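Here is a short report for a reader new to this structure. Please look over the sequence and the model, then read on.

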Amino acid sequence: MRLLAALAILIATTPVAFAGEGFDLVIPGRPGVPIIQNGIDISYAVVEGDFGLGKGVHNQPTIFGGRYIDPTPNVGHYYPSLGHGAKPGYGRLEIEPPANRKLPQPAESYHQSWSAHSAPQLPQPAQPEVPLYPPPVILAPRGGQGRIQQDFSNPPPDFQR
């Protein structure tokens, strides 16, 4: 009887163990920012398989609906560190004027400065020597029964000698 009960529990729990192997719909956290996995844009695609950092297995998930992207996009810029691409042209195709041309008038002189300082000091009212609301005075307990009497009139000995 125990064997049949154990077999029934084993048969009943097996489909539950395989239920975690479903599919996932990938939705980006921000619109317009693609989710790239292994050179495939999987935004709004269906991914099937058990994968991730916490799974401890290294298998390739199945992706339905993703589209391949170019790993090196052709953007038309010149990157000299890559070692390929056309060399860019020089400037804006400027025309160099002749050396003996009539020069324009020199510009007038211009000077501007900034500074910062604190607000002007206003005269403060005279402060009384004793505060208007002095803090309460707490007297330290004097030596008594069960307490150590400390003598502050004699300095402690110098231990460095």
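Ser43 has a relative accessibility of 9%, so Ser43 counts as buried, the cut-off being under 20%. The model shown here is predicted.

**Around Ser43**

Ser43 sits in the loop that links S3 to strand S4 (46–48). Which residues does Ser43 touch, not counting those up to four places away in sequence? They are Val26, Pro28, Val33, Pro34 and Ile35. Ile35 also has a polar link here: its backbone nitrogen lies 3.1 Å from a polar atom of the Ser43 side chain. A further polar contact, of 2.9 Å, joins the side chain of Ser43 to that of Asp41.

**Around Asp41**

Asp41 belongs to strand S3. Is Asp41 buried or exposed? Its relative accessibility is 6%, which is under 20%, so Asp41 counts as buried. Within the sheet, Asp41 in S3 is the bridge partner of Ile36. Leaving aside neighbours within four places in sequence, Asp41 is in contact with Pro34, Ile35, Ile36, Gly66, Arg67 and Ile69. Pro34 and Ile35 appear again among the residues that Ser43 touches.

The two residues can be set side by side.

| Residue | Relative accessibility | Place |
|---|---|---|
| Asp41 | 6%, buried | strand S3 |
| Ser43 | 9%, buried | loop between S3 and strand S4 |

**The sheet with S3**

Where does S3 fit in its sheet? Three strands form an open sheet, and their order is S2-S3-S6. The pairing is antiparallel. Strand S2 (36–37) and strand S6 (67–68) stand at the edges. Each has a single partner strand, so one side of each is left without a neighbour in the sheet. S2 and strand S3 (residues 40–41) are joined by two bridges and run antiparallel.

**The sheet with S4**

S4 takes part in another open sheet of three strands, ordered S1-S4-S5. Here, too, the pairing is antiparallel. The edge strands are strand S1 (23–25) and strand S5 (62–64), and each pairs on one side only. On average, neighbouring strands of this sheet are turned by 25° against each other, direction ignored. How many bridges pair S1 with S4? There are three, in the antiparallel sense. Phe23 stands opposite Glu48 in S4.

As a general point, the strands of a sheet pair through backbone hydrogen bonds, either parallel or antiparallel.

Technical notes: Residues are numbered from 1 along each chain as its sequence is written. This is a predicted model: local features need pLDDT of at least 70, side-chain atom pairs count only at pLDDT 80 or more; totals for chains, interfaces and linings use all residues. Side-chain values use heavy atoms; hydrogens and water are left out. Two strands pair if DSSP finds at least two bridges between them. Helices (H or I, at least four residues) and strands (E, at least two) are DSSP runs, numbered from the N terminus. Buried means under 20% relative accessible area, exposed over 50%, partly exposed in between (1.4 Å probe, protein chains only). A polar contact is a pair of N or O atoms within 3.5 Å; within protein, one must be able to donate a hydrogen and the other to accept it, and residues adjacent in sequence count only if both atoms are side-chain atoms. Contact means heavy atoms within 4.5 Å. Axes are lines fitted to C-alpha atoms, for helices over the stretch in contact, and angles run from 0 to 180 degrees between N-to-C directions.
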